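Please open the model in your viewer and keep the sequence at hand. The tour below goes from one selection to the next and says what is there.

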Amino acid sequence: MAQTLGFMGYNGVGLTGIENSYQPVLRIDDKEAWQSGDLKLRLTIDRDLQYTIERRLRAALRKHQAKFVTAIVEDVNNGEILAMATAPSFNLNNFTQTDQRLFYNPATSQLLEPGSVFKAFSLGKLLNDHTEQDWDQFLSEKRYFCPGYYVTKNGETIQCTGIHNDVSLYDIIRLSCNAGMMQAMESYSINELHSYFTSLKIGRKTGIDLPGESWGILPPSNKWGSRTKATITIGQGVAITPIQLINSFSTLINGGNQTTPHLAKELRYYQTGVLIKKKEVAKKITPNIINEKVSKALVEALVYGTTRDSTGQASRKTGLNKVFGKTGTSQKVNLIEGGYYTNRYDSIFAGGYPKEDPQYAVLVLLSEPKKQYQGGLAAAPLFAEIVDDIVRTRSINKERKIETIENKKINQPRSDEIISQILNGLQINQYTRVPDFHSLSLRQVLLLLEEIKNGRKALGKPFDYRLLGSGYVIKQSPPAGELFKDDETLIIYLNK
């Protein structure tokens, strides 16, 4: 974390990083109270987490042959930065012998187009303005059509990532469908979209306590045409820094409260080696940027960005299934000739954990990777590893053992009363969701399967399943909560 900590010059003056930001505080000369004392700054950084992430970034840098790799972990509830790392880095003890270009901190200064990660922001707007608040029905039943492209009001054609045909909003997140998202957002005026993105501080500095933070770029509304209006909703034509991206993402997933990201936790005053006073660094939180219920619905939608048939399926590669997020693959802007490079990309993943009550937001950025540049192939697997590190280092190993699919244990057999509740809540229609079979006995499983089979048959829908083993359910595929697909076989694993 050399770029974040920074260093001091020969005269004891902080030149970069935290050393520079808190120079006035750390050099204060309060002769009355602290003449013989010592003043120290405690950071929000989790040392163990920072160490493991730095190792992972160095490995990713080599594997993907990227220009640089950056990762940020933020506590979504208070804006504390738990880890901020970049590779390549440098040795603070030998900074005078270091290439000065490495002093640059991409986490706060590098501008990038967020690409499809921005679909999460656009979906937040749709949900916030949906008055009925039947989120699941709205997300699954509202339909759009993707022929592989989108045509703007003035006749310009914008390509999609594929031909997705009939899609819901869940599908748009899962498949990263450009055409579907632009259709969904086309009813909004330019001023409405500009005002919404501005409220999330898109294009603005976050106010993080580090020097050199760059402004982002959100074009003024009077500069938007029909193409800009469409492409901004999918993360093109807007530029932000990694810290701006993850901080605004945190606002979307934490219940709508906007925090100021920060690295300083508290000031500690010592005299003769004894702590005599500590003072927390002030934190600023702006509430209700979006509705709290909207935030929860958005998190549920972003779970579809990590399912096994999504662009971000590798985000679950370590077995943790409480993650959510969105991939992004953005072409690099050619600042010299204009337009975009055809062979330079940013690979991005922004996500969170756990889905029931998000505590951590994680951003991963690989700049110009030469191997596997797509967000789902380069950034998503690294995100999965970092979330696994969070769970291990933040003293929630017990939770990991329960949640990891491969190690999932039977807690207690579930009662027939639970089965009745599942049956009563089971709505069998064209958007039926897979129930949670975990810890059910074979007899209970058969009861549920018979009910689902009869209901699907009445709709003229197929239903195939396989039972492997006997005893109690230890694993299922697809996982609970996903939509049934006509061409899919439900597989249930049991063990005594």
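The expected span of a helix is 1.5 Å times one less than its number of residues. Keep that rule for the first stop, and bear in mind throughout that this is a predicted model.

**The whole chain**

Begin with everything shown. The chain has 18 helices and 17 strands. Of its 496 residues, 53% are buried. Among contacts with a separation of 6 or more, 69% are between residues 24 or more positions apart.

**Helix α5**

Select residues 47-64, which form helix α5. How far apart are the end C-alpha atoms of α5? They are 26 Å apart; at 1.5 Å a residue, the 18 residues of the helix should span 26 Å, so the two values agree.

Now color the buried residues of α5: L49, Q50, I53, E54, L57, A60, L61 and H64. Look down the axis of α5: the buried residues fall within an arc of 130 degrees, so they line one face of the helix. An α-helix has 3.6 residues a turn, so residues three or four places apart point the same way. On the other side of α5, select R62 and K63, which are exposed.

What do the buried residues of α5 pack against? Add strands β2 (68-75), β3 (81-87) and β14 (360-367), together with helix α15 (375-393), to see these partners.

Both ends of α5 are worth a look. At its start, show the side chain of D46: one of its oxygens comes to within 3.1 Å of the backbone nitrogen of D48. Just after the helix, Q65 has a positive phi of about 50 degrees.

**The loop with R316**

Move to the loop between α14 (292-303) and β12 (324-333), and select R316 there. Is R316 buried or exposed? Its relative accessible area is 16%, and buried means under 20%, so R316 counts as buried. Leaving aside residues up to four places away in sequence, R316 touches V303, T306, T307, N321, V323, A384 and P479.

**The hairpin of β12 and β13**

Follow the chain into β12. In this strand 7 of the 10 residues are buried, so β12 is largely enclosed by the rest of the structure. Add strand β13 (residues 340-353), which pairs with β12 in the antiparallel sense over 9 bridges. To find one of these pairings, select K326 and its bridge partner in β13, A350. The two strands form a hairpin with 6 residues between them. In the turn, G338 has a positive phi of about 85 degrees.

**Cis bonds and positive phi values**

Go on to the loop between β13 and β14, where P354 is found. The peptide bond from Y353 to P354 is cis, and its omega is near -15 degrees.

Select E368 next, in the loop between β14 and α15. Its phi is near 55 degrees, a positive value in a residue other than glycine. E368 is buried, with a relative accessible area of 18%.

S439 lies in the loop between α17 (416-425) and α18. This residue is not a glycine either, yet its phi is positive, at about 75 degrees. S439 is buried, with a relative accessible area of 3%.

**The sheet of β15, β16 and β17**

For the last stop, select β15 (464-468) and β16 (472-477), then add β17 (residues 489-495). In which order do the strands of this sheet stand? The order is β15-β17-β16, in an open sheet of 3 strands with mixed pairing. The edge strands are β15 and β16, each of which pairs on one side only. From one strand to the next, the twist averages 20 degrees.

Strands of a sheet pair through backbone hydrogen bonds, either parallel or antiparallel. Here β15 and β17 run parallel and are joined by 5 bridges. Select R466 to see I491 of β17 opposite.

Now add helix α18 (residues 442-458), which packs on the sheet and touches β15, β16 and β17. The direction of α18 makes about 175 degrees with that of β15.

Finish in the loop between β16 and β17, at P478. A cis peptide bond joins S477 to P478, with omega about 5 degrees.

Notes: Residues are numbered from 1 along each chain as its sequence is written. This is a predicted model: local features need pLDDT of at least 70, side-chain atom pairs count only at pLDDT 80 or more; totals for chains, interfaces and linings use all residues. Side-chain values use heavy atoms; hydrogens and water are left out. Two strands pair if DSSP finds at least two bridges between them. Helices (H or I, at least four residues) and strands (E, at least two) are DSSP runs, numbered from the N terminus. Axes are lines fitted to C-alpha atoms, for helices over the stretch in contact, and angles run from 0 to 180 degrees between N-to-C directions. Contact means heavy atoms within 4.5 Å. Buried means under 20% relative accessible area, exposed over 50%, partly exposed in between (1.4 Å probe, protein chains only). The arc is that of the directions from the helix axis to the C-beta atoms. A polar contact is a pair of N or O atoms within 3.5 Å; within protein, one must be able to donate a hydrogen and the other to accept it, and residues adjacent in sequence count only if both atoms are side-chain atoms.
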